[in-house]
Amino acid sequence: MHSDLFEGGKVSMANNSFKENVLPKLSMGISKFSDNIYVSVIAQGMMATLPVTLVGSFMLILGGLSFIPEAIRTPLMLGSTVCSNLITIYVVVALAGIMGKKLGQNPITCAMIALASFFIVTPISVFEVGEKKVQAYSMELLGSKGMFVGMIISLFTIRLYCVLMNKRITLRMPDSVPKPIAANFEAIVPGSVVLISALLINIIFSLTSHGNIHQFIYTYLQLPLQSLGGSIWSALLLMFIAELLWFFGIHGSTVTNSILTALFATQAYANMEVVAAGGNPEFPINSFFLEVFKGPRAMALACVLLFICRSSRLKTIGKISIFPSIFGITEPMKFGIPMVFNPWILVPMTMSAVVSVAIAYIATMIGFLPIVSANISRMIPAPISGFLAAGWQGAVVQIIQFVVIVLLYLPFMKKVDQNDLDEQKKNGSEKQTV
Amino acid sequence: MKITLACAAGMSTSMLVQKMLEAAKSKNIDVSIEACPVSELSSHLPTDIILLGPQVSYQKDNVTKNYPEYPVIVIDMMDYGMMNGAKVLDNALAAINK
């Protein structure tokens, strides 16, 4: 039914040329961005750290409950500290492994090389513990504060390593050497080139006033990105773009997630670290917050389809969608209603996430909603996810979001429903006359 | 016979796979059907046909170029939305036998 919305003369012509000429180019441009190896490795790498951050978050939530005895709270907090304060280590391993796999190299070798490079550029400090002098890495740089360096080092060392391996700039073993042994030798030259480069980075930065790459990146990249990019406006804009891309039939969040990570992930892990250490989190807008409070949009729309729409086709889509929508899966509705290329639904579709995040943000600002500092899987449905992330206030905010989204969709869906009913009637009467 | 479906994350596609398997069973067609993210296609080959979800239709040229030995078709938006497993299966079988 989406095509007949434009039926008649020029409108349909314009629509067709748009679909045939502009759209493929637009899609190609977007796919170039999302298929870019660095962008896709960051997106997949952050997904790969989920087991650690999710478990850490649940320990954090459990440990924060008032009725948990101290004897259990202490190990729980240790668990969540290890999961959150060492996040950069996991990020380095995940990004390097995925990057290596994509470029056809052994992911474990890549993970080791990237990790070694990261430790080379990270300053070792000497601490006095009682009488003893202890050499140690500061946990600070292995957590959220070192995350950008970890990502950069991981991506570029493995890129370099893979280029050297694929160009066969390596020790060539005679054919008589068994393959597994030869493979180990082959990694030596590229591996040492990468590690020596890391040493050079270490030396170069030690000559500057920053002392090390961490200080440099933190001052010139991470802080500016956090303060300029990490605002509520950029969050709302990203929410808008993700849904707008869906209008063009492109899975929006796979495109925007890597940007979201760059702008909002470090704040999330910083919060988690502070809470695990017993302090108060300071960043209300962070990637965990956005994940939980994007709003129960799929569920709200599925309910509108199932309980309010009268067209049998829309009701069927509602039936198909209601269960998957609990877990945030929207594709049946995106293509079935359809929402793709459907101007009637453009407004509620693009605005529902924006409005939801705005509601949650205002709730935080007036002091109602606690700051989110735990990673809740998006597979956990609202209002449970809100409750886990921010207590009963979180659940209340999600219920308010649900109602607002339903109201937002209602007038537009009624129109789509009416169009559908008219069409059904028309088809029905045609059949009778034939 | 094997059919491989690819979408962004492999999640909604696996719902469609269920419907397609049901359709195949009721028609007594012996076929294995798998869903995966486009990025992991290479580890789900060889196959008899690659079906792309409509949300990754813009990847069609890429996929055709990377895997020239397999037929690649994009699943119709409406069939996908209505989870019309039988029709998607028929289209895939028709494309294989062509």
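## Chain B: fold

Chain B contains four helices and four strands. Along the sequence, these elements run β-α-β-β-α-β-α-α. The model is predicted.

Long-range contacts carry much of the count in chain B. Among its contacts with a separation of 6 or more, 64% join residues 24 or more positions apart.

## Chain B: dimensions

The chain has 98 residues, and 49% of them are buried. Along the principal axes, the C-alpha atoms of chain B fill a box of roughly 35 × 25 × 20 Å.

The radius of gyration of chain B is 12 Å. A compact globule with 98 residues would come near 13 Å, so the value for chain B agrees with that expectation.

## Interface between chains A and B

On the chain A side, 28 residues are in contact with chain B; on the chain B side, 16 residues take part. About 1800 Å² is buried between the two chains. Carbon and sulfur atoms give 73% of that area. Three residues stand out on chain A: Ile320(A), Ile329(A) and Phe335(A). Together they supply 27% of the area that chain A buries against chain B, more than any other three residues.

Which specific polar interactions does the interface show? The count of salt bridges between chain A and chain B is zero. The count of residue pairs in polar contact is also zero, with both residues required to be at pLDDT 80 or more. That confidence filter belongs with the second count.

## Where chain A touches chain B

Helices α1 (9-35), α16 (312-326) and α17 (331-336) of chain A each supply at least two residues of the side that touches chain B. By class, this side of chain A has 13 nonpolar, ten polar and five charged residues. Charged residues are therefore present on this side, yet the salt-bridge count with chain B is zero.

## Gly252(A)

Gly252(A) lies in helix α13 of chain A, which covers residues 252-276. Is this residue buried or exposed? Its relative accessible area is 0%, so Gly252(A) is buried.

What surrounds Gly252(A), leaving aside neighbours within four places in sequence? Its contacts are Ala242(A), Leu245(A) and Trp246(A). Ser34(A) is 218 residues away from Gly252(A) in sequence. In space, their C-alpha atoms are 9.9 Å apart.

Methods:
Residues numbered from 1 in each chain as written. Chains lettered and ligands numbered in written order. Predicted model: local features only at pLDDT ≥ 70, side-chain atom pairs only at ≥ 80, totals over all residues. Heavy atoms only, no water. Contact = heavy atoms within 4.5 Å. Buried area = accessible area lost by both parts, 1.4 Å probe. Salt bridge = Lys/Arg side-chain N within 4 Å of Asp/Glu carboxyl O. Polar contact = N/O pair within 3.5 Å; in protein donor to acceptor, adjacent residues only side chain to side chain. Nonpolar A, V, L, I, M, F, W, Y, C, P; charged D, E, K, R; others polar. Buried < 20%, exposed > 50% of the residue type's maximum accessible area, 1.4 Å probe, protein only. Rg over C-alpha atoms; globule rule 2.2 N^0.38 Å.
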